[in-house]
Structures are given as C-alpha cells and as structure tokens.
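Thanks for sharing this one with me. Here are my notes, point by point, to read alongside the model.

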Amino acid sequence: MMTSADRVARVRLSSVYLPLDTPVSDAKVLTGRQRPMTEIAFLFAEITSEQGHEGIGFAYSKRAGGPGQYAHAKEIANDLVGEDPNDIARLWDKLCWAGASVGRSGLATQAIAALDIALWDMKARRAALPLAKLLGAHRDSVRCYNTSGGFLHAPLDQVLENATAALERGIGGVKIKVGQPDTRADLARVRAVREHLGDHVPLMVDANQQWDRPTAARMGRALEELGLVWIEEPLDAYDHDGHAALAAALDTPIATGEMLTSVDEHAGLIRARGADVLQPDAPRIGGITPFLRLAALAGHERLQLAPHFAMEIHLHLAAAYPLEPWVEHFEWLEPLFEERLEIRDGRMLVPERPGIGVTLSERAAAWTAERFETP
Ligand SMILES: [Mg+2]
C-alpha cells in the first residue's frame with residue numbers, strides 16, 4: 001500500500017505571455033495612468049512527486065511584474081524539493097519566510113501562489129476529486145457574470161451586442177466598466193445597457209479605482225435607481241474608510257478587494273467594513289492556502305464573495321463558500337488550456353475532472369518565453 005508520505009521530485013516553472021486579441025482599456029487608461037493592455041504574463045508551476053502525482057498552478061501579471069514573479073519563483077522553487085507535497089500549509093510558510101525580506105504581500109507572495117495552487121491541484125488529483133469537492137463544496141455550480149464584453153475601448157453598440165451574446169451563452173449577468181473622466185458619459189452608458197437588458201438581468205459597474213470620494217458619492221446616488229448588483233472599486237483600492245462610508249450611505253452594495261495582495265490587507269478592509277462584496281484573487285494573495293483563510297474570515301462576517309478574474313481556479317473556491325457567490329467570466333485564458341468550462345442557466349458548472357481540471361494547451365507551449373526546472 002502507498003504511504004501518505006510522498007516527496008516533491010521536481011518543480012517546473014514557465015513564463016508564458018498570452019496575447020490579447022484587442023488592446024484592452026479600463027478607466028485607468030482613460031485617466032492616463034496605464035497603457036492599454038495587450039498581453040498577460042503567466043507564471044505556471046508544474047510539480048511532480050516521487051509517487052508520480054502531478055499538479056499545476058499559476059499566477060499572473062497584467063502589465064509590469066511578470067518577469068519579477070518568475071524570477072522570485074525560480075529562487076524559492078528548490079525549497080519544495082524533497083518535501084511532502086501534502087503539507088501545504090507548512091510549505092506555504094516555508095516559501096513565505098524564504099522571501100520574507102522582500103515582503104509578505106505583492107510580487108513575492110504571487111510567486112508562491114503558482115506553487116501553492118499546484119500543490120492543491122496535486123492533492124485533489126491524488127484524491128481523484130474536483131478541487132471544490134476536496135475543499136467541501138456547498139454547490140456544484142456558481143452564478144456567473146461576464147466582464148470581458150464591457151470594457152471602455154468598446155463602443156456602446158459593441159457592448160450591447162456583447163451583453164446579448166453573453167446572455168445567449170447562458171451567462172447570468174453583465175458587468176460594464178465606468179470611471180471615465182466624463183461622468184455623464186458613464187451614466188449614459190450604464191442607462192443604455194440597463195435599458196437594453198431590462199430590469200431583471202443582474203448588472204454591475206466597475207470604476208477601477210478612478211473616482212475620488214465626492215465623485216463616487218454623487219455617482220453612487222445617481223446609479224441607485226438602476227438596481228445594480230454592485231458598484232466595484234469606486235475608490236482607490238487602499239481607501240478602506242472611503243469605501244466604508246459609501247457602503248454605509250448607499251443601498252447598492254460596494255464591491256472591492258481585487259488589488260489587495262495579502263490576507264492582512266483584506267483583513268484591514270473587512271475590519272473597516274469597506275466591502276459588502278469581497279473580491280479576493282487567489283493568485284494575487286498567495287494562492288489557495290491564504291484564500292481559504294480569507295474566505296473563513298469573510299464568511300464569519302457574512303460578506304458576499306465575488307472572486308476576481310481566473311475563473312478556472314475561482315469557480316472551485318466560490319463553490320466552497322457558504323453564501324451564494326459570483327464568478328467572473330473572462331474567455332481570455334481559454335487558449336491556454338485544453339478544457340472549457342460549461343455554462344448553463346446563468347451558472348458555471350464545477351467540472352467533474354479531478355483537481356482544478358486544466359491542462360496546458362499546445363498554444364501555451366508556443367507562448368512560453370522561458371522555462372526552469374529544479375535539478
Ligand atoms: Mg474589477
């Protein structure tokens with residue numbers, strides 16, 4: 001009989017650049033803070049154990065940061081070799097302390113995320129269970145909404161067309177970007193989308209941190225009558241008090257958290273009551289191990305959960321959250337993987353495949369810029 005003690009035999013890292021079909025702009029581009037996004041940098045980790053088990057995980061970076069994540073992961077990957085891959089919590093701490101002098105949040109933590117997610121994928125695959133089932137699922141599908149169709153580089157008629165296409169695909173809701181320097185243009189766009197969709201389709205807006213406090217208060221009041229599911233990132237991601245004041249003043253829920261890069265940063269947001277809907281991102285906060293710690297905290301506070309981006313991973317994590325959550329639909333990552341997620345009746349179905357349920361595609365191999373393997 002196989003013993004439970006296994007050892008990590010080898011870690012393989014890849015730096016992959018996923019090109020985007022169209023340069024993407026949210027409000028940060030319209031306010032001049034960022035350039036349109038043309039690609040996303042991925043750090044993939046593939047871990048193999050002595051007993052022949054395998055796991056895959058990833059972190060990512062939009063615009064700058066990808067090479068730094070990859071370089072940090074290369075430095076710490078060797079610390080996993082010879083360790084029991086089942087002891088994920090201990091290994092997370094080990095990897096964190098290895099790089100603690102450059103920080104226990106941000107880029108260093110995101111390098112750990114790829115490895116941590118690969119260890120969880122391996123654990124679920126070893127158990128022959130989808131990750132959601134290994135964690136203890138509350139549901140086998142999660143409400144989903146589309147984000148990719150509502151960016152600001154797309155003219156309004158294209159956004160309306162994208163929204164219709166999303167609903168026809170079985171997606172349950174639609175989010176559009178706001179936060180343009182001209183707030184009247186924002187309001188006209190949101191009203192047009194609401195009219196197009198009718199009153200009953202879940203609709204969200206996302207200002208990507210580009211309003212100041214007075215603008216957010218005024219826009220929040222103007223948007224109340226549109227019955228939005230939430231207003232996302234109305235303010236700077238670290239303005240917890242500002243978010244809390246808005247959340248207290250408005251009926252429309254306030255969503256934020258995607259830019260935070262550790263459990264401690266999220267804990268500060270939760271303590272300030274800055275979010276009605278918490279939007280953590282597992283690859284950004286260090287992987288599944290910290291995400292579970294945060295989900296416990298958020299659940300205790302009865303917060304709603306809508307994880308940011310990376311639906312392939314977050315579908316499982318959302319399925320294991322006690323209150324009915326949302327996952328964010330982006331088709332962008334699909335070319336990286338062989339598998340496709342099933343969407344039906346407004347919901348994304350947790351795949352029955354063991355682990356996270358993804359394998360890298362040939363195209364991902366073609367987009368690989370660099371590779372590293374532990375000796
Ligand atoms: Mg967002």
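1. Let me start with Asp-206, which is buried at 0% relative accessibility. Please keep in mind that this is a predicted model. Glu-232 is buried too, with a relative accessible area of 1%. Both values fall under the 20% cut-off, and that is why the two residues are called buried here.

2. What coordinates the magnesium ion? The donors are Asp-206 (OD), Glu-232 (OE) and Glu-258 (OE), at 2.0 to 2.2 Å. Along the chain, these donors of the magnesium ion follow the spacing D-x25-E-x25-E. Asp-206 belongs to strand S6 (residues 203-206) and Glu-232 to strand S7 (residues 230-232), so this pair links distant parts of the chain, 26 residues apart.

3. Next, strand S4 (residues 141-146), which is mostly covered, with five of its six residues buried. Its pairing with strand S13 (residues 347-349) is antiparallel and runs over three bridges. Within S13, Met-348 stands opposite Val-142.

4. S4 also has parallel partners. Four bridges connect S4 with strand S11 (residues 326-329) in the parallel sense, and Val-327 of S11 is the bridge partner of Cys-144. Strand S5 (residues 173-177) runs parallel to S4 as well, joined by two bridges; there, Tyr-145 has Gly-173 as its bridge partner. As a reminder when you look along the strands, side chains in a regular strand alternate between the two faces of the sheet.

5. A word on the cysteines. How many disulfides are there by the distance rule? The count comes to zero. Cys-144 is buried, with a relative accessible area of 0%, and Cys-96 is buried at 6%.

6. The aromatic residues deserve a look of their own. Across the whole structure, a search finds 15 aromatic pairs. One of these is formed by Phe-42 and Phe-58, in an edge-to-face arrangement with 5.7 Å centre to centre and 65 degrees between the planes. Phe-42 sits in strand S2 (residues 37-49) and Phe-58 in strand S3 (residues 54-62), so the pair ties together parts that are 16 residues apart in sequence. Are these two rings' residues buried or exposed? Phe-42 counts as buried at 2% relative accessibility, and Phe-58 does likewise at 3%.

7. Phe-42 and Phe-58 also belong to one aromatic cluster, together with Phe-44, Tyr-60, Phe-151, Phe-309, Phe-330, Trp-332 and Phe-337. I would view this cluster with Lys-62 displayed. Lys-62 lies over the face of Phe-309, at 3.7 Å from the ring centre. The charged end of Lys-62 also sits over the ring of Phe-330, 5.7 Å from its centre. Both of those rings are members of the cluster just listed.

8. Finally, helix H13 (residues 311-319). Why is H13 described as largely enclosed by the rest of the structure? Nine of its nine residues are buried, so the rest of the structure largely encloses it. The buried residues include hydrophobic-looking names in the list as well as others: Met-311, Glu-312, Ile-313, His-314, Leu-315, His-316, Leu-317, Ala-318 and Ala-319. For reading the helix, recall that an α-helix has 3.6 residues a turn, so residues three or four places apart point the same way.

How values were computed:
Residues are numbered from 1 along each chain as its sequence is written. This is a predicted model: local features need pLDDT of at least 70, side-chain atom pairs count only at pLDDT 80 or more; totals for chains, interfaces and linings use all residues. Side-chain values use heavy atoms; hydrogens and water are left out. Buried means under 20% relative accessible area, exposed over 50%, partly exposed in between (1.4 Å probe, protein chains only). A disulfide is a pair of cysteine sulfur atoms within 2.5 Å. Rings of Phe, Tyr and Trp (its six-membered ring) pair if their centres lie within 6.5 Å; planes under 30 degrees apart count as stacked, over 60 as edge-to-face and the rest as tilted. A charge sits over a ring if NZ of Lys or CZ of Arg is within 6 Å of the ring centre and within 35 degrees of the ring normal. Donors are N, O and S atoms within 2.8 Å of the metal (3.2 Å for Na, K and Ca); water is not among the atoms, so sites may look incomplete. Two strands pair if DSSP finds at least two bridges between them.
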